[in-house]
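The questions below work through how strands and helices are arranged in a single chain, and each answer leads step by step to the value or name asked for.

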Amino acid sequence: MAEVNHRFIETNGIRMHIAEQGEGSLVVLCHGFPECWYSWRHQLPALAEAGYHTVAPDQRGYGQTDRPAPIDAYNIFQLTGDIVGLVHALGEEQAVIVGHDWGAPVAWHCALLRPDMFRAIALLSVPYVPRSWKNVRPTEAMKRMAGDKQFYQLYFQEPGKAEAELEADVRQTMRMFLYSASGDPPPEKRWRVLFSKSETLLDTGSQPDILPAWLTEHDINYFTREFERTGFRGGLNWYRNIDSLWEQTPFLTGAKLHQPVLFVAGEADAVIAMRRAAFDRLEEAVPNLTKKVLLPGAGHWIQQERPPEVNQLLLEFLAGL
């Protein structure tokens, strides 16, 4: 089996770093926040071994990919345009797209906007929710939900604020996020999406005494080096386009995902707790849902926490297309 290959491609006006392995039908793996291509380190060899050309990009703002300065350079049309351009740069016409965390909305918008190109979708951690005419501006909905508390996505809105906190000690930041949002801590030490006005973002989780079995010091070192070099601004700018996504996509109201779809998440994922209704009603928005799975004991970093189970589910899904 060939090793992971790293190279750069030009797509949608930016230079994008990709990690790739294997030959065959194209499978694109889209990471979330705060991650990079390395989040798919267990999936690249498994899918390549099964006969797929598996590609994990550092998405816009992350890793070795370009990080445009303007906040509006991270709107959903640019993010999906990057992946369309990636498929074209690889000389392909179609791909299966897999998205985790923020990569999931990228995946489903790719599928909605270019159904000719993206023939199947796997969503990890974040269930698809079609927008409704009843929806209000997302940050307004968040303020209503948060009440007298802070909500992490609102905390991210002010440019520079979260960057200063997260970049003060990147290693501590990555240890907190990766441990606290996983399925490993006891409930009282898990990451909280809501927190009091007197707390900071890093107060919402805890530091591990010992790293969980799925997470090594090498892994922490890799993520730390990447974010020490890039900072967190690029990734945070995705959150700063939540309202613009809502403003720019009323034409997608009521849209269903008609391609074959796999959904996988951890039972202890805070996102599932927030979006349980969307998970329970996923079949209504996704008529060709092949399977939806909650893995017991797992948290938010599902493909890192449970590689054997996630790889098996992805391979079964791909084989059934």
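Q: Which residue is the bridge partner of Ala-19 in β4?
A: In this predicted model, strand β2 (residues 14–21) pairs with strand β4 (residues 52–57) in the antiparallel sense, over 4 bridges. Within that pairing, the residue of β4 that is bridged to Ala-19 is Ala-56.

Q: Which strands stand at the edges of the sheet, each with a single partner strand?
A: The sheet is open, has 8 strands with mixed pairing, and follows the order β1-β2-β4-β3-β5-β6-β9-β10. Two of these strands have a single partner, so one side of each lacks a neighbour in the sheet, and these edge strands are β1 (5–11) and β10 (289–295).

Q: What angle does the direction of α2 make with that of β1, where α2 packs on the sheet?
A: The sheet itself has a twist that averages 20 degrees from one strand to the next. Helix α2 touches β1, β2, β3 (25–30), β4, β5 (95–100) and β6 (118–124), and its direction relative to that of β1 makes an angle of about 115 degrees.

Q: How is α2 oriented to α3, roughly perpendicular or roughly parallel?
A: The axes of helix α2 (residues 76–89) and helix α3 (residues 103–113) come within 9 Å and cross at roughly 80 degrees. Because angles of 65 to 115 degrees count as such, the orientation of α2 to α3 is roughly perpendicular.

Q: How many residues of the contact of α2 with α3 are nonpolar?
A: On the α2 side the contact is made by Ile-76, Phe-77, Leu-79, Thr-80 and Ile-83, and on the α3 side by Pro-105, Val-106, His-109, Cys-110 and Leu-113. These residues include no charged ones and 2 polar ones, while the number that are nonpolar is 8.

Technical notes
Residues numbered from 1 in each chain as written. Predicted model: local features only at pLDDT ≥ 70, side-chain atom pairs only at ≥ 80, totals over all residues. Heavy atoms only, no water. Axes fitted to C-alpha atoms, helices over the stretch in contact; angles between N-to-C directions. Helix = DSSP H or I, 4+ residues; strand = E, 2+ residues; numbered from the N terminus. Parallel < 35°, antiparallel > 145°, perpendicular 65-115°, else oblique. Contact = heavy atoms within 4.5 Å. Nonpolar A, V, L, I, M, F, W, Y, C, P; charged D, E, K, R; others polar. Pairing = 2+ DSSP bridges.
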